[in-house]
Structures are given as C-alpha cells and as structure tokens.
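Biologist: I have the sequence and the coordinates open side by side. Could you walk me through what you computed from them?

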Amino acid sequence: MTAYYLTTAIDYANGDPHLGHAFEKIGADVIARYHRMRGDDVWFLIGMDEHGQKVAQTAADRGLTPQALVDEVAATFQAMWRRLDISNDQFIRTTEPAHKNGVQALIERIFEKSPSDFYEKSYEGHYCVGCEAFKQENEVVDGRCVLHPTRVLEWVEERNWFFRLSKYADFLKSHFEAHPDFLQPSSRRNEILSLINQGLDDVSASRARLAWGVPFPRPTSDGEVQTTYVWFDALPNYLTATGFPNAEPRQQWPAQLHVIGKDITRFHSVIWPAMLEAAGLPLPERIWAHGFVNLGGERFSKSAGVKLELGEAIDRFGADSFRFFLMREIPFDTDGNFSWERFEERYTSDLANGFGNLASRTIAMIEKYRGGVVPTVVRNDAYAADARDITAYAEAMDGHMLHLALEAVFRNVDSGNEYVTSQAPWKLAKDPALATALDETLATLARKLAIQTVLLAPYMPRKAQSLWEQLGGPGIVSDQRFASLDSLDPSGWTMTKGAPLFPRDGPPAA
RNA sequence: GGCAGGGUAGCUCAGCUGGUUAGAGCACGGCACUCAUAAUGCCGGGGUCGCGGGUUCGAGUCCCGCCCCUGCUACCA
C-alpha cells in the first residue's frame, strides 16, 4: 500500500473553532477519505498549537493556568471535529511531552548537522509592554504603539538564538524548480518564488520574554535558557507526530501533503523546508495553500466580528450537507463566499432536487417495476459518459480541486435525470414487449446512482452510507475502490426505498 | 511604491495560440411529462465582455493609457 500522510495546520488555541478552521479540516478530510478509497495507507493528522504569549495572556485573564485553558480549548475543537466527522487518525497538541521532546531533538539535530545555522544575535526594537511584543515601524505612531497609545514604547535590546535562513535561498530555489508540485496552487508558488528570489533574512529561533513554550535546548552564552520561538515549536508538529526522534515512527516521515491556509504559506514553504534541510531530513512532498471563506461578502477573520456560529450552521442542515456546501461552493484553490441564501439554493437544487430525487425515483421504479431487484444487462453507451465523469473526478481530486470533483459528480447526476426523461421508463413499463429496454434503463440508472454514491462518500460519508444501504450495495460504501469503480455492477442488488435523504424542506429540526 | 492575478448575464464562473448570432450552473418565465422529495425534462428572456484609444478584413481574446478589486512585499499565529 502507498503511504499517504497528510496534515492540516494546527489551530491556535486562543478561541473557538470557526468557519475557516472547519473549511480546512473538511477539505483535508475529503482528501483523506478519497485516498483511503484509493487503497492508500492514510495517516491523517490534525491538532493544536498551544503555546505562545496570547494563550498565556488569555489564561491569565480568565484566572486559569495555561494548561487548563488549552485543555479546555482542545476539547472544544475535538468535539467540533467529531461532529463534522473529521476522520483524523491523530490529534497532536504542542503541549504534549513527546512533542516538546521532539522539538528539542530537532533543534539539537540542526546544531549537530549544520553547526553554524544557529547563532546568537542581539535584536533591538520598540517593545510595547501592553502588547508584550516588539513592534514594527509601521505599527508605531509618534513613538507609541497604536494599540496602547497611553504607554510609551521602550527601546529594548534582546539577545536571541537566530536561524540562518538566508543560507537556504539557493537550496529552496532549486527545490522549487525541481518540484513544480511542491507548493500549489501556482499563484502561491509564484509569490513564494519571488520572495525567495529577493533573498531571505535570518529568523529568530528563541525568545527571552516568552514563558509558555518549549525551552530552547541550549542556553545563550550568558547562561539564559530561552523559549523556542513559534516556527521552531509549531511547524515540527508534523514531524514529532510521527514519533521523531524515536526510531519507530507511527507513520513514516515525510508527509505527502500539508494542507494549510494561504496566510501561512511562507512558514510552511520557506522556513519549514529550510529547517528540515538543516537537520538533514526529507522535505514534505506537497504543500497545498487553500483560500479563505468570506461571510456574506465580508472578509471573514479570526479577530474581526464577522463570524458564523458553527454549531448552529451544522444543526440547520446537518453535518454532511454543511460539508457538501462548503466543498461545492467554495473553490479549494482560492477564496469563496458563504451565505445562507446560497446554502439553501445549493441544498435544494443539488441535493434535494438533483441527487436526492434521482435516488428516490430510481429506487422507486426498480421497486415498482422489478420488485426491487436490479436487472442484469449488457453495458451501453451511458457507461462511456460515466467513465468520463469518473476520470474528471479523479483528476480534480488528485489536483486537490475538490470543488471541481463535485462538479463532475453533478454532471453525472444531471445526466441521470436527463436519461430518465429520454427513456421514459413508465412508458416502457406499459408494454411487455419493451421489457428488455426497461431492464436496461433501470440497470443503467442503478449503476449511475451507485457510482455517484461512491464518489460522494468522501464528502458526505453518512449520507453516502445511508444511501448505499438503500441500494443494497455490498459491505460499506467506503470499502469501494475508485480504481475499480468503472466496473461496478449493481445487477442483482436488492434496493429498498427509505426516507428522502435530503428532504426538500430541510432536515427535521435537530 | 514594487511584483503577481483579476474585472464577462441578478449570483458564481468558463471562454486555448484573435474569426461566423459571447457560453454553463443557479435564480427568473413558458411548455411537456408523471417514475420521483409539486421533484424532472425541453424552450426562452437577460450581457455597452471595467473605461478610453490603437493594431487588424475582423478583438472579450493583441498593444498603450486610465479606473477599481485581490494577493505577496518576512517574527500575532
């Protein structure tokens, strides 16, 4: 079996899960389920980034220890992922001892393999006591922090460990050229490439003032033990999750895919690969930077007030429909918009009237005209069209264009509904001489429906399984393999019509 | 400011190296059908292709200028 290790960004434990988090996890989950149904040996990692100043501050504000706070937040996130049927195999938290050990081991390994890559350097700048952070020039007005104008900024000098990122510009450049798929979509790739071409500055690897984090394994020359700065703490989670530095990892590094948001592309495609190269470790095969979900036309942001109650959204149409809507409506390579109006349109046209109704009418006719048993027939012209849709789906999936894969499925659904009208099985049923034509029509429809159910399984695992049972398919739907989908033959299956999968008035409350 | 990508029907978008009446889905209107979740199918209305010049027999598609939007331009994550 081909190993397929994929990850999402780990979420910062300083707030509740929101639409943006959900979009990324759902997208990655679709990819994970797709690969399982390709027969790959999938390991799907998600998790939380639990260190940093903001976490410590929020905990202090609430009178909690940082650990108590992140325990609570992590539980909230995990409950949300269970609710959305995210099929992660592992949930890593950066406060886990194994992760902290792994971070220190990685840093030590860089000291060992690339001895000159870490060095001490003094950093000086405007330090805002209110923010507890250094401020950039553009955040300083009249010598004061724009967020805390009542306080005077201090000019502070701090001695930190630095990582020689500048050294890796040429390495990264040639890696990007040798691996065109390393970072996608290409718009992100071009941006990062131009950034690398401008030359890279070194980055700090430790902080003196940061208390909540992983101790940097080597003290500075004056004996101070500092705290590992964010990229050397958070990014290695993908590696430490495999058991690093232990010899028997649960899942083999490198990852085949990092799914991330476009805002953290630079960290993942520049700093992280440089760190790995410095440590003499292989790079991830691919990085996919998805876009953002806007809400009602407005910019959705973690900090701004524009948000959507995830729990309510899921209640309204159910987890599967919510997953479907996001994947159908919002392109996975760029930004998209979420609106309830659009959700209702999609639900009604695609799910209730399109797919749901095709399932309903197909099963009803097979029950009515053939006692529920799918007739056995020879392949006809419809199969070639189905094969084209299956191919388009796979190509879109392999390119992580999840919205295009759904487009292919719904082309097939539409072709099914057109086929029913053109064949008019209710007319064929009236004339016993046309029994063979009716058999062929019903079998063709049954097969289309079965294929669609399999194709939709990564997106709507529960609905797909539920329909698979109505179709009388063997085993569970996720046991089906895409490679053999074209030869799927539902002849002889016994179909049983159940309640509408996607009721037109929306699902019953709850 | 620099670099990159966009501005095409109410909405989301497709239109490859320039070529007959500019396309799709959804939404909207009419007709047909009845297996189905009053679902489906067919037909149709609807666009100064951001603005202004230019090249060409011919430009949404090329060139120049302008307007607007988005992303990147490195230490919150």
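Modeller: Gladly, with the reminder that this is a predicted model. I would begin with the second largest pocket, which holds about 220 Å³ of space.

Biologist: Which residues lie nearest the centre of the second largest pocket?

Modeller: The lining has 15 residues, and those nearest the centre are G318, A319, D320, R462 and K463. Helix 11 (319-329) and helix 17 each supply at least two residues of that lining.

Biologist: And how does the lining of the second largest pocket divide by class?

Modeller: There are seven nonpolar, three polar and five charged residues in the lining of that pocket.

Biologist: Switching to enclosed space, how many cavities of 30 Å³ or more does the count give?

Modeller: The count comes to one cavity of 30 Å³ or more, and the largest cavity has a volume of about 60 Å³. Its lining includes G356, A359, S360 and I363, along with L467, Q470 and K497. Helix 12 (340-370) and helix 17 (461-471) each supply at least two of the lining residues, with helix 12 giving the most, at four residues. By class, the lining of the largest cavity has six nonpolar residues, four polar and one charged.

Biologist: Now the RNA. Which residues are closest to RNA strand B?

Modeller: The closest are D49, G199, S204, Y229 and R266, out of 47 residues that surround RNA strand B. Of the atoms of RNA strand B that come within 4 Å of the protein, sugar and phosphate account for 69%.

Biologist: What supplies the largest share of the surface near RNA strand B?

Modeller: That is helix 12, with 13 residues. Several other elements each supply at least two residues of this surface, among them helix 6 (186-197), helix 9 (265-278) and helix 14 (402-423). The surface near RNA strand B divides into 19 nonpolar, 10 polar and 18 charged residues.

Biologist: Can you give me some individual contacts, and say what part of the RNA each one involves?

Modeller: For the phosphate, an N or O atom in the side chain of R504 is 2.8 Å from a phosphate oxygen of RNA strand B. A polar side-chain atom of E345 lies 3.2 Å from a sugar or linking oxygen of the strand, while K54 has a polar side-chain atom 3.2 Å from a base oxygen.

Biologist: Different topic: where is P185, and what is the peptide bond from Q184 to P185 like?

Modeller: P185 sits in the loop between strand 10 (183-184) and helix 6, and the peptide bond from Q184 is cis, with omega near 0°. The peptide bond from W253 to P254 is also cis, with omega near 10°, and P254 is placed in the loop between helix 8 (237-240) and strand 14 (257-261).

Biologist: What about D85, is that residue buried or exposed?

Modeller: D85 counts as buried because its relative accessibility is 13%, which falls under the 20% cut-off. D85 lies in the loop between helix 3 (66-83) and strand 4 (90-93), and has a positive phi of about 60° although it is not a glycine. A424 has a positive phi too, of about 45°, and is likewise not a glycine; with 8% relative accessibility, A424 counts as buried.

Biologist: Last one: why is helix 16 described as largely enclosed?

Modeller: Helix 16 is largely enclosed by the rest of the structure because 17 of its 22 residues are buried. Helix 16 (residues 435-456) reaches 31 Å from its first C-alpha to its last, close to the 32 Å expected.

Note on methods. Residues are numbered from 1 along each chain as its sequence is written. Chains are lettered from A and ligands numbered from 1 in the order in which they are written. This is a predicted model: local features need pLDDT of at least 70, side-chain atom pairs count only at pLDDT 80 or more; totals for chains, interfaces and linings use all residues. Side-chain values use heavy atoms; hydrogens and water are left out. The expected span of a helix is 1.5 Å times one less than its number of residues. Buried means under 20% relative accessible area, exposed over 50%, partly exposed in between (1.4 Å probe, protein chains only). On a 1 Å grid over the protein atoms alone, a cavity is a set of points where a 1.4 Å probe fits but cannot get out, and a pocket is an open set with protein on both sides within 12 Å along at least five of seven lines; lining residues have an atom within 4 Å of a point. Grid points are joined across faces, edges and corners, and a volume is the space filled by probe spheres set on the points. Ala, Val, Leu, Ile, Met, Phe, Trp, Tyr, Cys and Pro count as nonpolar, Asp, Glu, Lys and Arg as charged, and the others, Gly among them, as polar. A residue is near a molecule or strand if one of its heavy atoms lies within 4 Å of it. A polar contact is a pair of N or O atoms within 3.5 Å; within protein, one must be able to donate a hydrogen and the other to accept it, and residues adjacent in sequence count only if both atoms are side-chain atoms.
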